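Welcome, and please open your viewer with the cartoon representation switched on. We will make a few selections together and look at each in turn.

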Amino acid sequence: NWTMEGITVDGNYTAYAPTTLLQYPWGIRLESSTNITIRNNVFKQIWRIGICVGHLSATECKDIVIDNNVIYDIGRSTDPTVGFGNGVAILSASNVKVTNNWIYNITGNTCEPGNSTYICSDIEIAFNKITDCNNCAGVILYQATDFTSDRNNINIHNNTIKVTGTAPGIRCEQFGYTYIRDNYLEQTQGILVKRYKANKAFIEGNEILQVTTGGYGIRIQDGIAGVVIDRNRIRNIVG
């Protein structure tokens with residue numbers, strides 16, 4: 001039951017180099033937390049993750065708002081596990097809103113809900129500006145491979161995602177009932193949805209411009225059932 005507002009968290013990664021994995025700094029990490037608001041802050045020059053919600057061996061977080069933050073220069077190409085950097089990582093949580101943030105220059109993934117162990121549900125990622133992701137997805141979601149229910153309810157809408165290089169603008173795997181709507185993607189590898197089993201995905205009203213080499217406007221892959229694709233505008237595909 002607390003709010004973090006008006007703070008600058010500067011990892012100063014140009015001056016500080018961790019020597020062990022335990023020393024890699026994150027901007028803020030929530031564990032087993034409820035009713036938390038993180039808004040109007042700056043997170044910059046951080047080796048690993050700007051904002052992390054839930055992690056290994058933790059009870060899921062609930063009722064989290066991440067709004068109107070500036071998150072940039074996250075992740076380092078010199079990290080032993082290249083690509084780990086995340087602007088926002090939601091690993092085990094429900095009822096999370098990630099809205100109106102400006103996220104850029106990320107080495108890893110910009111918004112990453114879910115992982116191979118835990119399940120996330122009722123996640124909204126909306127009205128964010130995400131740019132210059134250095135060959136990583138603007139929004140990536142994935143979770144437990146044995147997931148079979150329709151609990152998730154993931155909403156990704158009205159985001160602007162630009163310049164993700166060799167990665168999709170939006171990538172979702174193994175979730176139930178996901179809504180990808182009214183997003184603007186430019187210079188990305190489009191939208192990728194994988195392994196939804198019997199759970200629906202809705203891809204509607206997106207504008208996908210200048211798909212980069214090797215990409216697709218919209219790609220549906222591996223064991224999919226019940227996907228609705230409607231009213232999307234796709235232009236200038238190199239792939």
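The tour goes from a sheet to one pair of strands, and then to two asparagines. Keep in mind along the way that this is a predicted model.

**Stop 1: the sheet.** Colour the strands E1, E4, E7, E10, E13, E16, E19, E22 and E25. These 9 strands make up an open sheet, in the order E1-E4-E7-E10-E13-E16-E19-E22-E25, and they pair in parallel. Now pick out residues 2–5 (strand E1) and 227–230 (strand E25), which stand at the edges. Each has a single partner strand, so one side of each is left without a neighbour in the sheet. As you look along the sheet, the twist from one strand to the next averages 5 degrees. In general, strands of a sheet pair through backbone hydrogen bonds.

**Stop 2: the E1 edge.** Add residues 34–39, strand E4, to your selection of E1. The two pair in the parallel sense over 4 bridges. To see one residue pair, show Trp-2 with Ile-36, its bridge partner in E4.

**Stop 3: Asn-95.** Select strand E10, residues 93–99, and find Asn-95 within it. What is the sign of phi at Asn-95? Phi is positive, about 55 degrees, although Asn-95 is not a glycine. Most residues other than glycine have a negative phi. Asn-95 is partly exposed, with a relative accessible area of 34%.

**Stop 4: Asn-158.** Move to the loop between strand E16 (154–157) and strand E17 (160–162), where Asn-158 lies. Asn-158 is not a glycine, yet its phi is positive, near 55 degrees. With a relative accessible area of 32%, Asn-158 is partly exposed.

Terms used
Residues numbered from 1 in each chain as written. Predicted model: local features only at pLDDT ≥ 70, side-chain atom pairs only at ≥ 80, totals over all residues. Heavy atoms only, no water. Pairing = 2+ DSSP bridges. Axes fitted to C-alpha atoms, helices over the stretch in contact; angles between N-to-C directions. Buried < 20%, exposed > 50% of the residue type's maximum accessible area, 1.4 Å probe, protein only.
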